[in-house]
Structure formats: structure tokens, C-alpha cells
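Please look through the sequence and the model below before reading on. The report that follows begins with one strand and its partners, and then turns to the whole chain and to a single loop residue.

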Amino acid sequence: MSDARTVWGIGLTTIAGDGTVLDAWYPEMRTGASTSDEVTVAIAALEPLAGPDERRNVTLEVVHLEIDLDAAPASTADAYLRLHALSHLVVRPNELNLDGIFGHLPNVAWTNAGPVLPADAARLRPHLQRAGIQVQGLDKFPRLTDYVQPSGVRIADASRVRLGAYLSPGTTVMHEGFVNFNAGTLGASMVEGRISQGVVVGDGSDIGGGSSIMGTLSGGGTHRVSIGARTLLGANAGIGISLGDDCVVEAGLYVTAGTKIVLVDGPVTADGARKSVKGAELSGHDGVLFRRNSLSGAVEAVRRAGVGVTLNEALHA
């Protein structure tokens, strides 16, 4: 494997009393092969933090791991190193192997003091409360900000961005925005809607409040949706197709691969009507306005020129 496809990390892993590896945190990670000096220094810095935490019935241990991004995850520590690589912007979404990652991520009781085995969280509840430890969620994925603080990014509600989200500097995630793992923004963007797993959003685009983008994890197709630059997905709108640069989807409109769309600027058929195509045929096209005709109810596509949207620079500085 090449150095560009190799990632190493040194961190702390949390192990429950029954031996279950709950998580791994990598404050030190890079591409390429690690050197003995780098490893020695990083391990020495973390060793004082290792040891048991009897409150949570866990033990923290130093972990040193080197992985091939093209190989499938092989352990919990491996899976977490991949999620860190995404959130540290070392590798972009969909450019590493995540096959079988769910099988290496146990369900965890996430607390303000760190991960706990769910059975232990129930058993130790009185002791945890006495120590001021609260369970904040039960999930396979933790919050991004508990492990990585991305530079130049605003996140209004940390619980709505998972570790493994890829957020470029200048991105703002508002309170109702959500970003899943292996998904995110490739530039400064406004996120007030949902960015599902596998979805990437281009520079200067706006994902409007309450909007939704189809992912591929459950019930969806195999197409990985992408959104280009300077594109607006209107409030409460949704897409199951990709959008190119400078596109707009009208508020409240949901466009899927099978949606019948009238080409307003297209050729006229023999009966005088405008040609219609399925949404999949317009997937990824630049400069398209998707709207619903307020009289007929038909979904329409209109060619548009110029810049799609311009973000408020004061909100993304």
C-alpha cells in the first residue's frame, strides 16, 4: 500500500469491564508510515491518561495503529481511526473503505464523562448520578466534537453532527442541521437541513432548513448524491439525485430519480406539449432551477444563468 493510502494514529481506547472496546480517540494521526521517534513521543504524552475509571467500569489503554484505507475495517480501533481521518480532513467522504464498519462499532451509552457499556450504565446508574455523569445518548457513533474540533467551523448543536463528518473551514451547521459520518462539505457551506451518509456538498452551497438528501444506508438506492458549488436546496425540499453547480430546488419540492419533470426550455412534442424526463436524466446538471408549477402541479426544470446563491460572508468567517 502507498503512503498516501496509509494512515496511522496514536491514541486512547476505552475498554469495558467485559472486554468490549467502546471507542478510540486519536489526538495524533497522520498519513504515511510512522517513525519510531514520533511514536515514542506520542505514547509518552498519553500514558499518564491511561488506567482504570471505576465510575464507568472502564479502562483506558494507549493504542498505536496503522491501517490501509483501501482495506475493510478490522476492529473497533480501526473503525475509529477511519472516522477520525474523515473528520480531520485527511481523506474525503467515499474515498476510503468502510465496508462492515457497523459490525465493529458497539452500541454505547454516551455520557458527559465518556463511553459506557449500556448494561453498565443501567447497573451503575445511582453511582453515575452521584458523580454527575449523565447518559446523553445510545448509539454506535459519538458526537464529532467529543473527539475532533474542526478548524473554522460553527456547529450550533453538537449532538447533530457525528464523528466521521467531513466539515471544511467556513461551514456553519445550524441547530436543525445534521451531518452523518462519511458525508459533509467541500467548502464553506450553510447547513440547516440533513446531509446523509455518502453525500458531499460543494463550496458556497446552502442546505435549507428542514431539507433532506437521500443517502444509501437504508431503503435508498445506490446513487451517492452530490451537490455542486453555489447551489441552493430550498427549505423543506429534498433530493434523491445529484445537483450540479448553480442549481436551485424550490422550497418544499422533493425531486427523486423517478420524478417526472417537464423541460420548460426543451423541445415541444407533436401534440404541442413540452418534453418530460425522469429526474435521473437531469442528475448532476449545472444551472437548473427545479420548481413546481403552481397551476398545473407539474414539476418543472428551467435553465438558469449566473451564480446560484451567494452566502452571507459574515456567517462563515
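Two strands pair if DSSP finds at least two bridges between them, where a strand is a DSSP run of E with at least two residues, a helix is a run of H or I with at least four residues, and both are numbered from the N terminus. This is a predicted model, in which local features need pLDDT of at least 70 and side-chain atom pairs count only at pLDDT 80 or more, while totals for chains, interfaces and linings use all residues. Residues are numbered from 1 along each chain as its sequence is written, and side-chain values use heavy atoms, with hydrogens and water left out.

Strand β1 covers residues 6-16, and 11 of its 11 residues are buried, so the strand is largely enclosed by the rest of the structure. Here buried means under 20% relative accessible area, exposed means over 50%, and partly exposed lies in between, with a 1.4 Å probe and protein chains only. The pairings of β1 are set out in this table.

| Partner of β1 | Sense | Bridges | Residues standing opposite |
|---|---|---|---|
| β4 (residues 58-68) | antiparallel | 11 bridges | Val 7 and Ile 67 |
| β2 (residues 21-31) | antiparallel | 8 bridges | Leu 12 and Trp 25 |

β1 and β2 also form a hairpin with 4 residues between the strands, and in this hairpin Gly 19 takes a positive phi near 95°.

Turning to the whole chain, there are 4 helices and 26 strands, and the C-alpha trace spans about 75 × 45 × 40 Å along its principal axes. Of the 317 residues of the chain, 47% count as buried. If a contact is taken as heavy atoms within 4.5 Å, then residues 24 or more positions apart account for 48% of the contacts in the chain with a separation of 6 or more.

Finally, consider Asp 157, which lies in the loop between β8 (154-155) and β9 (165-167). Is Asp 157 buried, exposed or partly exposed? Asp 157 counts as partly exposed because its relative accessibility is 28%. The side chains of Asp 157 and Ser 159 are joined by a polar contact of 2.7 Å, a term that stands for a pair of N or O atoms within 3.5 Å; within protein, one atom must be able to donate a hydrogen and the other to accept it, and residues adjacent in sequence count only if both atoms are side-chain atoms. Asp 139 is 18 residues from Asp 157 along the chain, and their C-alpha atoms are separated by 17 Å.
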